[in-house]
Amino acid sequence: MRLTDADLLAELDKPEFAAARRAFVSRRYAKGRQVFSPREAQNSLFIVARGRARVYLAYKDKEFTMAILDVGDVYTTHTRAHVEALDDLELLEADLAAVRRFFTSMPALTTAMVKVLGDLLSHAFSVIDGLAFHDVRRRLIHLLLHEAGQAPAGDDPAHCFDHGLSIEQLATIVGSSRQTVSSLLNGLERDGVIELRARGVICVPDITALRALAEA
């Protein structure tokens, strides 16, 4: 579910960017820990060095996942979103003001930031559209179609992907409960449009059939 193609960790390791690299500090967070919250005044930029982080909005007892950040993804904390460690997490963190002067010499960093923020905005509109016009089942099907479309081609003719998320985490992406999403996945499997294999692995043997359900 990585949002950027640029290898920012490799970029920072280049000798010409040694000064920029020194602005970043490595910090580690245990799985499940809240990393950043909207209440914090500090505006930081971070790059995921190990593990995954979840960016989400929270209102009362509801959470809406906006993005899953993977190794190499970059993010700034000056938003209304929370950031949570999905795994044992290592971040390279820097004060945004301290690294801003390096942006012109590191176009990959600027491009990656624009890409991530653009994807977050796109997903925000998708969440709003889904909540306003589609039921939970259709939102889940659209998510499965997106992930299947991103899956690399392999020997298996089915479109298989390892989302690496729990049912509860999938539920926060589509704005529903764990029980509802679990029931919907089992129903789609009984209908033969998906296969639930190893933990976190979902296969779509007939993507045309799944797409037809989304358009029905």
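**A cavity, a pocket, two cores and a disulfide**

The search for enclosed spaces in this predicted model gives a count of one cavity of 30 Å³ or more. A general idea helps here: when a probe the size of a water molecule is rolled over the atoms, the empty space that is left shows up. The volume of the largest cavity comes to about 50 Å³. Eleven residues form its lining, and those nearest the centre of the cavity are Leu-143, Glu-147, Phe-161, His-163 and Leu-170. Two helices each give at least two residues to this lining, namely helix 5 (136-150) and helix 6 (167-174). Helix 5 makes the largest contribution, with four residues. Sorted by class, the lining of the largest cavity holds nine nonpolar residues, one polar residue and one charged residue.

Open spaces can be described in a similar way. The second largest pocket has a volume of about 260 Å³. It is lined by 17 residues, and His-163, Leu-165, Ile-167, Arg-199 and Gly-200 are the closest to its centre. Helix 6, helix 7 (178-190) and strand 11 each provide two or more residues of this pocket lining. With four residues, helix 7 supplies the largest share. By class, the pocket lining consists of eight nonpolar, five polar and four charged residues. His-163 is worth finding in the structure, since this residue is listed among those nearest the centre of the largest cavity and also among those closest to the centre of the second largest pocket.

How is the rest of the chain built? The chain contains eight helices and eleven strands, and 44% of its 216 residues count as buried. Among contacts with a separation of 6 or more, 73% are between residues 24 or more positions apart.

In soluble globular proteins, nonpolar side chains tend to be buried together. The largest nonpolar core of this model has 26 residues, and the members that touch the most others are Leu-140, Leu-144, Leu-185 and Ile-194. At least two residues of this core come from each of helix 5, helix 6, helix 7, strand 11 and helix 8 (207-215). Helix 5 again gives the largest share, this time seven residues. A second core, separate from this one, has 19 residues, including Leu-45, Ala-94, Leu-109 and Met-113.

Ile-194 offers a closer view of the largest core. Apart from its neighbours within four places in sequence, Ile-194 is in contact with Leu-144, Leu-185, Leu-188, Glu-189, Ile-202, Cys-203, Val-204 and Pro-205. One of these partners, Cys-203, leads on to the disulfide.

Which residues does the disulfide join? Cys-160 and Cys-203 are the two partners, with an S to S distance of 2.0 Å. This disulfide is the one found by a search of the whole structure. Cys-160 belongs to strand 9 (residues 159-162) and Cys-203 to strand 11 (residues 201-204), so the pair ties together parts that lie 43 residues apart in sequence. The disulfide is right-handed because the torsion about its S-S bond is about 105°. The two cysteines have unlike surroundings: Cys-160 is partly exposed, at a relative accessible area of 21%, whereas Cys-203 is buried, at 0% relative accessibility. The cut-off for buried is under 20% relative accessible area, so the 21% of Cys-160 places this residue in the partly exposed class.

Notes:
Residues are numbered from 1 along each chain as its sequence is written. This is a predicted model: local features need pLDDT of at least 70, side-chain atom pairs count only at pLDDT 80 or more; totals for chains, interfaces and linings use all residues. Side-chain values use heavy atoms; hydrogens and water are left out. A disulfide is a pair of cysteine sulfur atoms within 2.5 Å. Buried means under 20% relative accessible area, exposed over 50%, partly exposed in between (1.4 Å probe, protein chains only). On a 1 Å grid over the protein atoms alone, a cavity is a set of points where a 1.4 Å probe fits but cannot get out, and a pocket is an open set with protein on both sides within 12 Å along at least five of seven lines; lining residues have an atom within 4 Å of a point. Grid points are joined across faces, edges and corners, and a volume is the space filled by probe spheres set on the points. Ala, Val, Leu, Ile, Met, Phe, Trp, Tyr, Cys and Pro count as nonpolar, Asp, Glu, Lys and Arg as charged, and the others, Gly among them, as polar. A nonpolar core is a set of buried Ala, Val, Leu, Ile, Met, Phe, Trp, Tyr and Cys residues joined through side-chain atoms within 4.5 Å. Contact means heavy atoms within 4.5 Å.
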